[in-house]
Amino acid sequence: MDDEAKSVPTSDMNTDAAAEAEAAAAPLPPSSSETSEREEAKVEEADEEGQVVERLVELVSEIAAISDFRNSYRRQFCNLSRRIRLLVPMLEEAKEAPSPLPVASEAALRRLRDALHAARELLRLGSCGSKIFLVLDREKIMKTFQDVTARLEQALAGISFDELNISDEVREQVELVHTQFKRAKERSDSSDDDLFNELMSLYNSSSSASVDPDILQRLSEKLQLVTIYDLNHESLTLHEMARGGDPGAVVEKMSMLLKRIKDFVQTEDPEMGAQASTANISPKDNSAHPVIPDDFRCPISLDLMNDPVIVATGQTYERGYIEMWLEAGHDTCPKTQQKLANKCLTPNYVLRSLITQWCEANGIEPPKRPAQLRDAPLPCSAAEHSNVLELLQKLSSQNLEDQRGAAGMLRQLAKRSAENRACIGDAGAIPILVSMLSTTDVNTQEHVVTALLNLSIYEENKARIISSGAVPGIVHVLKRGSMEARENSAATLFSLSIVDENKVTIGCSGAIPALVQLLSNGSQRGKKDAATALFNLCIYQGNKGKAVRSGLVPILLELLMETECGMVDEALAILAILSGHPEGKAAIGAASAIPVLVGVIRNGSPRSKENAAAVMVHLCNGEGEQQQQHLAEAQEQGIVSLLEELAESGTGRGKRKAVQLLERMNRFLKQQSQAQAEAEAMAQAHAQAQAQAQPQILVQAQAHADMQAERSLILISSDISDR
C-alpha cells in the first residue's frame with residue numbers, strides 16, 4: 001500500500017436528564033438561518049409523527065457530513081464530531097425498539113435531539129466560519145463547546161438501554177462515549193493564548209502601523225491562511241457574517257486584518273499572487289511588492305481586481321467573485337448589505353483603466369481579463385488542473401500503455417496532498433477510474449484501485465466513489481486481483497466504511513466473504529487490511545451475521561493461536577464485536593474457544609486481555625446449560641486467579657470486564673457449591689438411613705438362622721428315630 005494510503009485514519013479497535021439549556025448563541029455559518037428554519041419545521045413535523053429516532057439518525061448523518069475543521073479548535077471539533085458519530089449503532093438498534101416508546105425514553109431521545117441540533121450548528125461554525133472570528137471570540141466559542149458537551153452528556157445519561165433493546169456491545173460503546181463527554185464537560189481545553197494576543201494586537205492597531213513580519217508569519221500559519229484558497233474563503237466568510245447581521249464595523253476591521261495577512265503572504269510568495277488573479281510582479285522587482293490601493297481591491301477577495309464590475313448599489317467587485325456570491329443565492333450587496341434591485345453586472349471601464357495605469361507606473365504587468373474563477377477548482381493551480389485533465393484523456397484512450405501510465409500518475413498525485421485529491425475528484429476522474437476496475441491488465445488494475453484508495457482519504461471523494469457505483473468493482477478486485485490490488489481494495493473498503501451509511505452498502509455487496517478470504521490466505525499486510533475493514537463493517541449490527549456465516553470465527557481463532565503472525569489484537573477486537581451477536585456467540589462457543597481465550601488473559605497484551613475478557617462475558621452470560629459448560633471449562637483452566645489479577649491491574653475496560661466475569665463465576669461456583677452440598681447431604685441421609693436399618697436386619701437374620709437351625713435339629717432327630 002502507498003505511504004499516503006497508510007495515513008487513512010485507523011479505527012480504534014477498542015471502543016469504550018437535566019433541565020433544558022439554551023442553545024449556544026454562536027454566529028451561524030453561511031446561509032444557515034434559512035436552513036435552520038426549514039429544519040425546525042422538519043423537527044416539528046417529525047415530532048407530530050413520533051419519529052424521534054429517525055430524526056436523530058438524520059441529524060447524526062448531517063453532522064458526519066461536516067468536515068474540514070481547519071482552524072485553531074480543530075481538535076475540539078474533530079473530537080465532538082467523532083463522538084457523535086459513534087452513536088449511530090445505538091440509534092440503528094433503537095429503530096427496532098417497541099413502538100410506541102415509553103414516555104421516559106422518548107423524552108430522553110428528544111433531549112438528545114435538541115443537543116444534537118446545537119452540536120450541528122457549532123460544527124457548522126467550525127467548518128464554515130471565519131477562522132479569525134473563532135479566535136477573537138474564543139470565550140464564547142469555548143463556552144459553547146462546554147454547553148453543547150454538557151447537554152449531550154446529560155441527554156445520554158437519561159437513556160434507558162433496556163427500554164430501547166440496545167445490545168451489550170453497543171451499550172459499551174455508548175457508555176464510553178458518555179464517559180468521554182462527561183470528562184470533556186469537567187475540563188476546559190486551553191486555547192492558544194499567544195495566537196489570541198497577537199491577533200488582538202494586530203486587530204487593535206491602526207491600519208498604517210507597521211507590523212513585525214514574524215508575527216504575520218505566525219498568524220498565517222496558525223490560522224492556516226497560507227494558500228489563496230484559504231484567504232479567499234476567509235474573505236467570503238467574513239462577508240457572510242455581515243450578511244447574517246454582525247456589526248459592519250467589526251467585519252470591516254476583520255477584513256482589514258485579513259488584508260494585512262494576505263498582503264504579507266503574497267509578498268512572501270509572488271507566484272501565489274498570480275494564482276489569485278492579482279497583478280504579477282516582474283522578476284526584477286521580486287523584492288519589493290507595492291501596496292495595492294484599497295479602491296483597487298475587490299471587497300470580497302481583497303485582491304487587485306482584473307475585471308471590475310458594478311452592481312446595482314454602485315459598489316464595484318471582481319466579476320468572478322461577485323458572480324459566485326450571486327449564484328450562491330444571495331440577493332444583497334456584500335459590502336453594504338442592501339438588497340439588490342437587480343443582478344445586472346456593469347463593467348467598470350474607468351476603474352479598470354486606473355488599475356492598468358497604476359500597474360504600469362509600478363512596473364507590474366497590467367491585469368488581463370481572466371477566465372471565470374469557478375471554472376477551475378480552487379485548491380490547485382491552473383497548471384495542475386490542466387495536467388489532471390490531460391491524464392484523464394489518456395486514461396480514457398484505447399491505448400493500454402497510456403491507460404497504465406495515466407493511472408499510475410493519478411495514483412501518485414492523489415498520494416501527495418489533499419489539494420491534489422480534491423482537484424482530481426473535482427475534475428471527474430472517479431467515474432473513469434471506477435469503470436477501469438474490471439481491466440485485465442494487472443498493473444493498471446493495481447494503479448486504479450490504489451488511486452481510489454488515496455482519493456478516498458478526502459471526505460468529499462468518499463461520496464463520489466460510492467455514488468459512482470465503485471463498491472462492486474472494488475469487491476471484484478478484492479476477489480480476483482493481484483495480492484497488492486487485494487490489499488488496497490480492502491483498505492479502500494475500510495476508508496469508505498468510515499461513513500456509517502456506507503457500512504450498509506458495502507455489507508450488501510458481497511465484500512464480507514471476500515474480506516474473510518483475504519484474512520485467511522492473504523499476505524501479512526493483506527490480513528491487517530482485511531481485519532481493519534471487517535472490524536469497521538461489523539460495527540453495524542446487520543453485518544455481524546454475514547461475517548459469522550462467512551466462516552470468520554474459526555479463522556479468527558486460528559489467528560489467536562498463531563501468535564507469530566502479530567494479529568492477536570485485531571482478531572480479538574473482531575471477536576469482541578461478534579460475541580455480542582447471537583450467531584457470533586453461538587459460533588465462538590461451538591469452536592471450543594474457552595482455552596484459547598483463557599490463554600490470552602494469562603499471557604496476552606493489556607488490550608488483548610480486555611477483549612478476551614469481553615468475549616468471555618458474552619459467552620458466559622445467561623443461565624443455560626451452554627453457559628454453565630463454558631464457566632466450568634474456564635474454571636478448570638484456572639481463570640479465577642487471572643481475573644482477580646486483571647481486575648486489579650488491567651486497563652479500565654479490562655477491569656470492568658474482569659469484575660463482571662468474576663461476579664458471574666462466583667455465582668456459578670456458589671451454585672456448584674450448593675449443588676455439591678445438597679448431593680453430600682442426600683448421600684449422608686442415605687447412609688444414615690442405611691445405618692439405622694442395620695440392627696433390624698441383623699435381628700431378622702439371626703431369627704432366620706435360628707429357625708434354620710431348629711429345622712435342621714428336627715430333621716436330624718427324625719432321621720435318628722427312623723434308624
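## Helix 17 against helix 18

In this predicted model, helix 17 (residues 400–416) packs on helix 18 (residues 418–426) with the axes 5 Å apart and an angle of about 130° between them. That angle makes helix 17 oblique to helix 18, since it sits above the 65 to 115 range for roughly perpendicular and does not go over 145, where roughly antiparallel begins.

Who does the touching? On the helix 17 side it's Leu410, Leu413, Ala414, Lys415 and Arg416, and they meet Asn420, Arg421 and Ile424 of helix 18. Sorted by character, the residues of this contact come out as four nonpolar, three charged and one polar.

## The chain as a whole

Zooming out, the protein chain has 35 helices, alongside three strands. Of its 723 residues, 49% are buried. The accessible surface of the chain comes to about 33,200 Å², and carbon and sulfur atoms account for 50% of that.

## One aromatic pair

The structure holds one aromatic pair. Its partners are Phe77 and Phe145, with ring centres 4.8 Å apart and planes at 55°, so the pair counts as tilted. For the label edge-to-face, the planes would have to be over 60 degrees apart.

Phe77 belongs to helix 3 (residues 74–85) and Phe145 to helix 7 (residues 138–157), so the pair ties together parts of the chain that are 68 residues apart in sequence. Are these two rings' residues buried or exposed? Phe77 is buried, at 0% relative accessible area, and Phe145 counts as buried too, at 7%.

## Two residues with positive phi

Here's a bit of backbone worth a look. Most residues other than glycine have a negative phi. Asn165 isn't a glycine, yet its phi is positive, at about 55°. You'll find Asn165 in the loop between helix 7 and helix 8 (168–186). With a relative accessible area of 47%, Asn165 is partly exposed; the exposed class would need over 50%.

Ser592 is another non-glycine residue with a positive phi, near 55°. Where does Ser592 sit? Look in the loop between helix 30 (582–590) and helix 31 (594–603).

## Around Ala613

Ala613 is part of helix 32 (residues 606–620). With 0% relative accessibility, Ala613 counts as buried.

Which residues does Ala613 touch, leaving aside those up to four places away in sequence? They are Ile601, Leu646, Lys657 and Leu661. Take Leu661: its C-alpha atom is separated from that of Ala613 by 7.5 Å, while the two residues are 48 residues apart along the chain.

## Arg260 in helix 12

Finally, there's an arginine to check. Arg260 lies in helix 12 (residues 248–268). Is Arg260 buried or exposed? Arg260 is buried, with a relative accessible area of 12%, and the cut-off for that class is under 20%.

Arg260 can also be placed relative to Leu216. Between the C-alpha atoms of Arg260 and Leu216 the distance is 8.0 Å, and in sequence the two are 44 residues apart.

Definitions and conventions:
Residues numbered from 1 in each chain as written. Predicted model: local features only at pLDDT ≥ 70, side-chain atom pairs only at ≥ 80, totals over all residues. Heavy atoms only, no water. Axes fitted to C-alpha atoms, helices over the stretch in contact; angles between N-to-C directions. Helix = DSSP H or I, 4+ residues; strand = E, 2+ residues; numbered from the N terminus. Parallel < 35°, antiparallel > 145°, perpendicular 65-115°, else oblique. Contact = heavy atoms within 4.5 Å. Nonpolar A, V, L, I, M, F, W, Y, C, P; charged D, E, K, R; others polar. Buried < 20%, exposed > 50% of the residue type's maximum accessible area, 1.4 Å probe, protein only. Areas by Shrake-Rupley, 256 points an atom, 1.4 Å probe, with all protein chains shown as cover. Phe/Tyr/Trp six-rings, centres within 6.5 Å; stacked < 30°, edge-to-face > 60°.
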